[in-house]
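Here is a quick tour of the empty spaces, the packing and a few odd residues in one protein model. Have the coordinates open as you read.

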Amino acid sequence: MPSDAGAEADLSTTAGKLADLKRRVAEVAHAGSERAVEKQHARGKKTARERLEMLLDKGTFIEMDKYARHRSTAFGQEKNRPYGDGVVTGDGRQVAVFAQDFTVFGGSLGQVFGEKIVKVMDFAMKIGCPVIGLNDSGGARIQEGVVSLGLYGEIFRRNVHASGVIPQISLIMGPCAGGAVYSPAITDFTVMVDQTSHMFITGPDVIKTVTGEDVAFEDLGGARTHNTKSGVAHYMGTDEQDAIDYVKALLSYLPSNNLEEPPAYQPSPGDSDLDVTEEDRWLDTCIPDSPNQPYDMHEIVRHVVDDEEFLEVQPIFAPNIVTGFARVDGMAIGVVANQPMQFAGCLDIDASEKAARFVRTCDAFNLPVLTFVDVPGFLPGTDQEWDGIIRRGAKLIYAYAEATVPLVTVITRKAYGGAYDVMGSKHLGADINLAWPTAQIAVMGAQGAVNILYRKEIAAAQAEGRDVDEVRAAFVQEYEEHLANPYVAAERGYIDTVISPSNTRMNVTRALRALKTKRETLPPKKHGNIPL
């Protein structure tokens with residue numbers, strides 16, 4: 001705080017009142033002690049105001065409740081009542097923000113702290129803009145008792161009511177523990193910072209006392225844990241700047257609210273931009289001849305979307321499915337794709353829930369969904385069955401069937417069994433379904449099917465001393481020619497057309513252009529009952 005901050009001003013004059021205002025502004029700007037700020041920097045963390053400067057356009061931040069102070073006088077706190085009460089809130093350019101300040105009372109949430117967050121969330125709903133929360137808090141302020149808990153509840157309720165109405169993004173930039181974790185859990189996207197952010201319901205000490213398990217903070221609730229194991233987080237920033245840059249990129253694809261269209265660039269006029277390029281022709285040779293050889297679906301996606309730009313969501317959680325944002329013809333879209341490089345692209349519990357949540361997010365904010373399919377089925381195993389793959393895999397069915405935004409699906413290779421239905425099939429309501437000549441659409445793969453359908457013939461061939469492998473290969477070829485190909489599905493209208501891979505960008509672009517005016521509604525109801 002400036003050395004002259006404590007000087008008394010003559011409040012009987014205009015000049016004195018202006019001097020008093022200047023003093024108060026300085027006091028707000030230096031709410032945290034210098035020692036607290038130094039400790040924050042030593043941890044590799046910025047202060048709340050420094051983070052806001054990184055996030056927002058210069059000169060756009062309008063602070064709300066700048067002069068609010070906490071009201072508790074318990075435990076001798078009446079002598080230490082800094083302005084701001086540990087949270088900075090306001091509405092900047094097209095977003096509303098709040099930033100918890102760990103340098104003031106450890107960022108703990110008290111009555112005024114909570115009321116400020118509630119006010120900015122209400123304001124965001126009123127004007128229809130995204131709300132971003134920068135979380136760095138020690139949890140509820142113990143001295144204020146149930147009042148702190150009550151304000152957490154008020155925040156949670158507003159998170160729920162705002163869900164699907166305005167985008168909500170949580171940046172975890174320090175500790176976030178206990179009940180405080182449930183606000184980020186409800187928001188649309190949670191971004192954490194490697195090594196300096198932690199989220200957990202109960203800390204390592206409590207866990208050790210109750211269960212005897214010995215676990216470190218980072219292993220229990222660090223950024224890597226929540227980005228790889230729990231799926232709570234959607235991105236892990238290498239540092240605070242990286243995390244903030246990711247949030248800025250996210251916002252470039254999202255509308256301000258559910259009544260607006262997503263941000264779009266002006267596309268080129270006519271179809272001149274849809275001519276097949278050398279980059280497009282790469283797609284003609286990208287699928288290996290062997291159906292068991294993997295390839296990187298990221299490359300497929302990048303060759304279809306504008307400028308090869310793809311912002312992945314949850315890149316290191318359930319990597320057997322890929323989700324993220326891109327643009328086609330200048331339009332912001334969501335992309336869902338099986339990843340043959342992981343588990344051969346099989347769907348498991350984590351992948352199903354990851355994709356289902358992403359599809360529902362896109363549907364809430366009017367983003368078309370482009371799906372790339374190469375899926376041999378659901379991952380087998382007792383763990384999957386006992387942990388509820390039936391119930392939890394059904395979430396993906398629910399998400400696609402419920403979506404009313406434009407849905408375009410491209411089958412690149414395998415589409416077997418129930419997984420074919422789940423991945424944006426025509427039967428769940430997809431608008432345009434395309435397939436490459438390499439697509440294999442069937443109840444199961446050729447090898448498994450032949451072993452069932454022709455088991456008697458294979459057994460007879462073995463008994464006669466014939467080459468069993470040669471006999472089986474002939475049956476496999478017959479199966480693929482008559483059943484496991486895209487043309488059987490195309491004959492029935494389940495596939496709209498079979499296309500050359502190099503024409504994918506052109507067909508997807510034209511499909512999305514045609515679907516811009518799509519209008520679809522669901523039967524009237526309070527809400528559906530998704531299998532949670």
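## The largest pocket

Start with the largest pocket: its lining counts 46 residues, and S163, R357, R360, I530 and L532 are the ones that lie nearest its centre. The elements that supply two or more residues to this lining are helix 6 (182-186), strand 7 (189-193), helix 13 (349-364) and helix 15 (389-402). Helix 13 gives the most, with ten residues. Helices (H or I, at least four residues) and strands (E, at least two) are DSSP runs, numbered from the N terminus.

The volume of the largest pocket is about 1600 Å³. By class, its lining splits into 18 nonpolar, 15 polar and 13 charged residues. For that split, Ala, Val, Leu, Ile, Met, Phe, Trp, Tyr, Cys and Pro count as nonpolar, Asp, Glu, Lys and Arg as charged, and the others, Gly among them, as polar.

## Ground rules

This is a predicted model, with local features needing pLDDT of at least 70 and side-chain atom pairs counting only at pLDDT 80 or more, while totals for chains, interfaces and linings use all residues. Residues are numbered from 1 along each chain as its sequence is written, and side-chain values use heavy atoms, with hydrogens and water left out.

The void search runs on a 1 Å grid over the protein atoms alone: a cavity is a set of points where a 1.4 Å probe fits but cannot get out, a pocket is an open set with protein on both sides within 12 Å along at least five of seven lines, and lining residues have an atom within 4 Å of a point. Grid points are joined across faces, edges and corners, and a volume is the space filled by probe spheres set on the points.

## The second largest pocket

The second largest pocket holds about 500 Å³ of space. Its lining has 21 residues, with E261, P262, N366, P406 and K516 lying nearest the centre. The class split here is eleven nonpolar, three polar and seven charged.

## Closed cavities

Now for the spaces the probe can't leave: there are four cavities of 30 Å³ or more. The largest cavity has a volume of about 80 Å³, and its lining is made up of F98, Q100, L109, I117, N135, S137, Y152, I155, C176, A180 and S183. Strand 3 (96-100) and helix 5 (146-162) are the elements that give two or more residues to it. The lining has seven nonpolar residues, four polar ones and no charged ones.

The second largest cavity comes in at about 70 Å³. Among its lining residues are F98, N135 and S183, along with M121, I132, S170 and T187. Strand 4 (131-135) and strand 5 (168-172) each supply at least two lining residues, and strand 4 gives the most, with four. The class count is five nonpolar, seven polar and no charged.

## S170, a cavity-lining serine

S170 lies in strand 5 and helps line the second largest cavity. With a relative accessibility of 4%, S170 counts as buried (buried means under 20% relative accessible area, exposed over 50%, partly exposed in between; 1.4 Å probe, protein chains only). Setting aside neighbours within four places in sequence, S170 is in contact (heavy atoms within 4.5 Å) with G133, N135, P184, T187, F189, T190 and V191.

## Nonpolar cores

A nonpolar core is a set of buried Ala, Val, Leu, Ile, Met, Phe, Trp, Tyr and Cys residues joined through side-chain atoms within 4.5 Å. The largest one has 64 residues, and I132, L171, F325, V336, L347 and I411 touch the most other members. A second, separate core has 28 residues, V328, A337, F372 and V410 among them.

What does V336 touch, not counting residues up to four places away in sequence? Its partners include I321, V322, T323, A355, F358, V359, Y400 and M423.

## Cysteines and a loop with positive phi

The structure holds zero disulfides (a disulfide being a pair of cysteine sulfur atoms within 2.5 Å). C129 is buried at 5% relative accessibility, and C286 is buried at 12%.

The loop between strand 12 (331-338) and helix 13 contains F343, and A344 is placed in that loop too. F343 has a positive phi of about 55° despite not being a glycine, and A344, another residue other than glycine, has a positive phi near 60°. F343 is partly exposed at 48% relative accessible area, and A344 is partly exposed at 39%.
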